[in-house]
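This briefing describes a predicted model of a protein chain. Please keep the sequence and the structure in view while reading.

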Amino acid sequence: MDSSSLLYGGLSLVVTGFVALYTALIFWSPPAIVTHDSEKRYRSNKSRSKPLPLTSLSEPSKVDLTVVVPAYNETERLPVMMEATIDHLKSLKTKRTYEILIVDDGSSDGTSAASLDLAAKYPECDIKVVTLAKNIGKGGAVRHGMLYSSGERLLMADADGASRFEDLESLWKEMDAIAPSNAPGVVVGSRAHLVKTEAVVKRSLLRNILMYGLHTVLRIVGVGHIRDTQCGFKLSTSSTWIFDVELLLLAKQLRIPVAEVPIQWHEVPGSKLNVITASVQMLRDLLIVRANHLLGRWKASPAKIKSS
């Protein structure tokens with residue numbers, strides 16, 4: 001066999017492999033999320049039976065802060081989290097206008113009804129409840145809440161209450177420093193300082209191995225500069241809403257400042273997460289995200305600054 005045949009065969013193999021990988025990438029990439037009309041409306045204590053239209057992120061801000069709480073089967077843990085959240089927001093000496101947007105991610109345990117009961121318990125607070133037509137995952141629930149927020153700044157907070165809500169003030173102060181006048185910015189609550197403390201040491205060996213493995217993968221895909229991407233406590237300006245790894249990567253590409261602030265955190269029983277399944281899925285998703293950006297299928301574009 002001459003050299004030209006070997007070269008032709010090698011090129012054919014490379015092209016075939018690339019086409020196969022590109023086809024697999026298209027197949028595994030998530031489809032566009034379809035927002036149902038009912039998901040563009042919310043219920044509250046003042047309007048339990050008649051849903052009202054949500055504010056779009058592109059509209060002028062109406063409050064200083066929107067707290068987005070993704071919730072899937074959280075009837076047991078949500079009341080504790082909400083109590084801590086509202087106690088802190090009401091205790092601030094410098095009053096801050098706010099809304100709390102609970103996004104029920106297709107729960108089957110009556111999370112929406114329980115959320116409305118909480119809205120009735122705190123009638124002085126603007127608590128809105130959105131019910132998604134089906135479960136689309138935490139990322140999709142956070143995305144929906146952010147896109148229909150009316151706050152100047154947006155906080156994603158997990159419903160389990162594992163993060164100490166008072167640490168919002170540390171994130172707020174850091175945001176003032178890196179993104180004055182509502183410039184694009186992201187501040188990530190971080191548990192990295194807890195790695196050698198009892199809060200993490202007591203976790204199972206499997207969870208710790210997976211944690212270190214994730215950090216290695218994050219360095220490979222380009223967001224290793226953030227030590228804790230998975231903490232469910234993140235503050236962003238309304239021009240830069242964010243969720244975990246993918247948009248941290250986008251923030252880096254768009255040169256949006258990102259800061260990491262230590263917060264207090266504790267393990268809360270009742271997680272719906274299967275550690276092994278979630279880790280495998282996350283690894284797959286990270287590779288899909290990185291490949292789509294490298295090949296130009298997905299592109300980052302700057303958002304317009306929302307007017308006040």
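In β8, lysine 234 is the residue that stands opposite valine 188. The two strands concerned, β7 and β8, run antiparallel and are joined by three bridges. With β9, by contrast, β7 pairs in the parallel sense, over five bridges. The points below begin with β7 and its partners, continue with the sheet and the helices that pack on it, and end with selected residues.

**Strand β7 and its partner β9**

- Five of the five residues of β7 are buried, so this strand is largely enclosed by the rest of the structure.
- The cover extends to both faces of β7: Val186, Val188 and Ser190 are buried on one side, and Val187 and Gly189 are buried on the other.
- Two positions of β7 can be matched to β9: glycine 189 stands opposite valine 261, and serine 190 stands opposite proline 262.
- In a regular strand, side chains alternate between the two faces of the sheet.
- β9 shows such an alternation: Ala259 and Val261 point to one face and are buried, whereas Val258, Glu260 and Pro262 point to the other face and are not buried.

**The sheet**

- Seven strands make up an open sheet with mixed pairing, in the order β5-β4-β3-β6-β8-β7-β9.
- Its edge strands are β5 (127–131) and β9, each of which pairs on one side only.
- Direction ignored, neighbouring strands of this sheet are turned against each other by 20 degrees on average.
- Strands of a sheet pair through backbone hydrogen bonds, in either the parallel or the antiparallel sense.
- Seven bridges link β3 with β4 (residues 98–104), and this pairing is parallel.
- Threonine 66 has glutamate 99 in β4 as its bridge partner.

**Helices on the sheet**

- α2 packs on the sheet and touches β3, β4, β5 and β6; the direction of α2 makes about 165 degrees with that of β4.
- α5 lies across β3, β6, β7, β8 and β9, and runs at about 30 degrees to β8.
- Within α5 (residues 168–178), the buried residues include Leu168, Leu171, Trp172 and Met175.
- Seen down the axis of α5, its buried residues fall within an arc of 100 degrees, and they therefore line one face of the helix.
- An α-helix has 3.6 residues a turn, so residues three or four places apart point the same way.
- Lys173 and Ala177 lie on the other side of α5 and are exposed.
- The cover over the buried residues of α5 includes α2 (78–91) together with the strands β3 (63–71), β6 (151–157), β7 (186–190), β8 (233–237) and β9 (258–262).

**Charges over aromatic rings**

- The ring of tryptophan 172 has the charged end of arginine 96 over it, 3.9 Å from the ring centre.
- The ring of tyrosine 42 has the charged end of lysine 128 over it, at 4.8 Å from the ring centre.
- How many aromatic pairs are there? The count comes to zero, taking pairs as rings of Phe, Tyr and Trp with centres within 6.5 Å.

**Selected residues**

- Valine 129 lies in strand β5.
- Is valine 129 buried or exposed? Valine 129 is buried, because its relative accessible area of 1% falls under the 20% limit.
- Beyond its neighbours within four places in sequence, valine 129 is in contact with Arg41, Tyr42, Arg43, Ile102, Ser112, Ser115 and Leu116.
- Valine 129 and glutamate 39 are 90 residues apart along the chain, and their C-alpha atoms are separated by 10.0 Å.
- Alanine 183 is found in the loop between α5 and β7.
- Alanine 183 counts as partly exposed because its relative accessibility of 27% lies between the limits of 20% and 50%.
- From C-alpha to C-alpha, alanine 183 and serine 238 are 9.0 Å apart in space, and they are 55 residues apart in sequence.

**The chain as a whole**

- The chain contains nine helices and nine strands.
- Of its 308 residues, 43% count as buried.
- Among the contacts in the chain with a separation of 6 or more, 83% are accounted for by residues 24 or more positions apart.

Conventions: Residues are numbered from 1 along each chain as its sequence is written. This is a predicted model: local features need pLDDT of at least 70, side-chain atom pairs count only at pLDDT 80 or more; totals for chains, interfaces and linings use all residues. Side-chain values use heavy atoms; hydrogens and water are left out. Buried means under 20% relative accessible area, exposed over 50%, partly exposed in between (1.4 Å probe, protein chains only). Helices (H or I, at least four residues) and strands (E, at least two) are DSSP runs, numbered from the N terminus. The arc is that of the directions from the helix axis to the C-beta atoms. Contact means heavy atoms within 4.5 Å. Rings of Phe, Tyr and Trp (its six-membered ring) pair if their centres lie within 6.5 Å; planes under 30 degrees apart count as stacked, over 60 as edge-to-face and the rest as tilted. A charge sits over a ring if NZ of Lys or CZ of Arg is within 6 Å of the ring centre and within 35 degrees of the ring normal. Two strands pair if DSSP finds at least two bridges between them. Axes are lines fitted to C-alpha atoms, for helices over the stretch in contact, and angles run from 0 to 180 degrees between N-to-C directions.
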